Amino acid sequence: MTPPNYVEVQRSCNTAHSDGAIEKDGDSDVALDLVGWLEEGGGAFDSVLVVGCRSGYEIDAFRGAFSGAAVLGVDLVPEFVRYANSRGRCALVADMHALPFGDRLFDLVYCCATLEHAHDAHLAVGEMLRVANRAVFCTADLGTDSSKRNPSHFTFLDEPEWLALFDRPGWTVEHKIVEESVHLFARRHSWNTSIPKWS
Ligand SMILES: C[S@@+](CC[C@H](N)C(=O)[O-])C[C@H]1O[C@@H](n2cnc3c(N)ncnc32)[C@H](O)[C@@H]1O
């Protein structure tokens, strides 16, 4: 069940400034690193979904890398989606627990610093895997004290617990620890790719 005031908590904790400005716009190091690695392996993606896109700045990394790709962002907070749209980024309001898309619609699903905001991370991961045709990339906080102090975080898991969430039939998951978070890359067994191992 969705916790009370879930959207409001996400709005207030992810808006950096009292004037309502949206935090973070510019280059996304995480997205650019991922894109660099995918490009090394010759990976091209026709469609990308960015889950928890906030300002939408990560959308630009994928649009720049995969020429002609359809790149869509989703976020729970309407103001963030409006901001992304005002910057010419394609985004819509949606909840990662119930993505309004058909199965395997996007080649790649990308979700940075958002999964720990899920109130049901098993469901949210299942949704991302469902709509992904080839791969899902996620970062997730490792249940640190600072994560536990953040009122917009609802899921606190350690490394094996995050990995277990991606352990589903038809998928292989690789991971790296990066500072206080885990980066996970899940690929469908049916995706025939020359992209090298993640680690
Ligand atoms: C910490 S921000 C991360 C933004 C961006 N991905 C980044 O790495 O800078 C988390 C974002 O997830 C969004 N969010 C939280 N819960 C969500 C949900 N259930 N479905 C979709 N987006 C959600 C928040 O509104 C916020 O924009």
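A residue counts as exposed if 12 or fewer other C-beta atoms lie within 10 Å of its own, these atoms being placed from the backbone. This cut-off is used in the legends below, which describe a predicted model.

**View 1. The hairpin of S6 and S7, with Glu 179 in its loop.** Strand S6 (residues 171–178) and strand S7 (residues 181–188) run antiparallel and are joined by eight bridges. Within this ladder, Thr 172 has Arg 187 of S7 as its bridge partner, while Val 178 stands opposite Ser 181 in S7. Two residues lie between the strands of the hairpin, and Glu 179 takes a positive phi near 50° there, although Glu 179 is not a glycine. Most residues other than glycine have a negative phi. Because 8 other C-beta atoms lie within 10 Å of Glu 179, this residue is exposed.

**View 2. The loop between S3 and S4, with Arg 104.** Arg 104 has a positive phi, near 55°, in a residue other than glycine. Arg 104 counts as partly exposed because 14 other C-beta atoms lie within 10 Å, a class that falls between the cut-offs of 12 or fewer for exposed and 20 or more for buried.

**View 3. The open sheet of seven strands.** The strands follow the order S3-S2-S1-S4-S5-S7-S6, and their pairing is mixed. Strand S3 (91–93) and S6 are the edge strands, each of which pairs on one side only. On average, and with direction ignored, neighbouring strands of this sheet are turned by 15° against each other.

**View 4. Helices H3 and H5 against the strands.** Helix H3 (residues 57–65) lies across strand S1 (47–51), strand S2 (70–75) and strand S4 (106–111), and runs at about 165° to S2. Helix H5 (residues 121–131) packs on the sheet, where it touches S1, S4, strand S5 (132–141), S6 and S7, and the direction of H5 makes about 150° with that of S5.

**View 5. Gly 56 in the loop between S1 and H3.** Gly 56 counts as buried because it has 25 C-beta neighbours inside 10 Å. Leaving aside residues up to four places away in sequence, Gly 56 touches Gly 73, Ala 84, Arg 87, Arg 89 and Ala 91. From Gly 56 to Val 136 the C-alpha to C-alpha separation is 18 Å in space, and the two residues are 80 residues apart in sequence.

**View 6. The surroundings of the ligand.** There are 20 residues around the ligand, of which Gly 52, Arg 54, Met 96, Ala 113 and His 117 come nearest. Divided by class, this shell has nine nonpolar, six polar and five charged residues.

**View 7. The protein chain that frames the close-ups.** The protein chain has seven helices and seven strands, and from the N terminus on its elements run α-α-β-α-β-α-β-β-α-β-α-α-β-β. The radius of gyration of the protein chain is 16 Å, close to the 16 Å that the globule rule gives for 199 residues, so the chain is as compact as a globular protein of that length. Taken along the principal axes, the C-alpha atoms fill a box of roughly 45 × 35 × 30 Å. Of the 199 residues in the protein chain, 39% are buried. Among contacts in the protein chain with a separation of 6 or more, 60% are between residues 24 or more positions apart.

Definitions and conventions: Residues numbered from 1 in each chain as written. Predicted model: local features only at pLDDT ≥ 70, side-chain atom pairs only at ≥ 80, totals over all residues. Pairing = 2+ DSSP bridges. Helix = DSSP H or I, 4+ residues; strand = E, 2+ residues; numbered from the N terminus. Near = placed C-beta within 6 Å. Nonpolar A, V, L, I, M, F, W, Y, C, P; charged D, E, K, R; others polar. Axes fitted to C-alpha atoms, helices over the stretch in contact; angles between N-to-C directions. Contact = placed C-beta atoms within 7 Å. Rg over C-alpha atoms; globule rule 2.2 N^0.38 Å.
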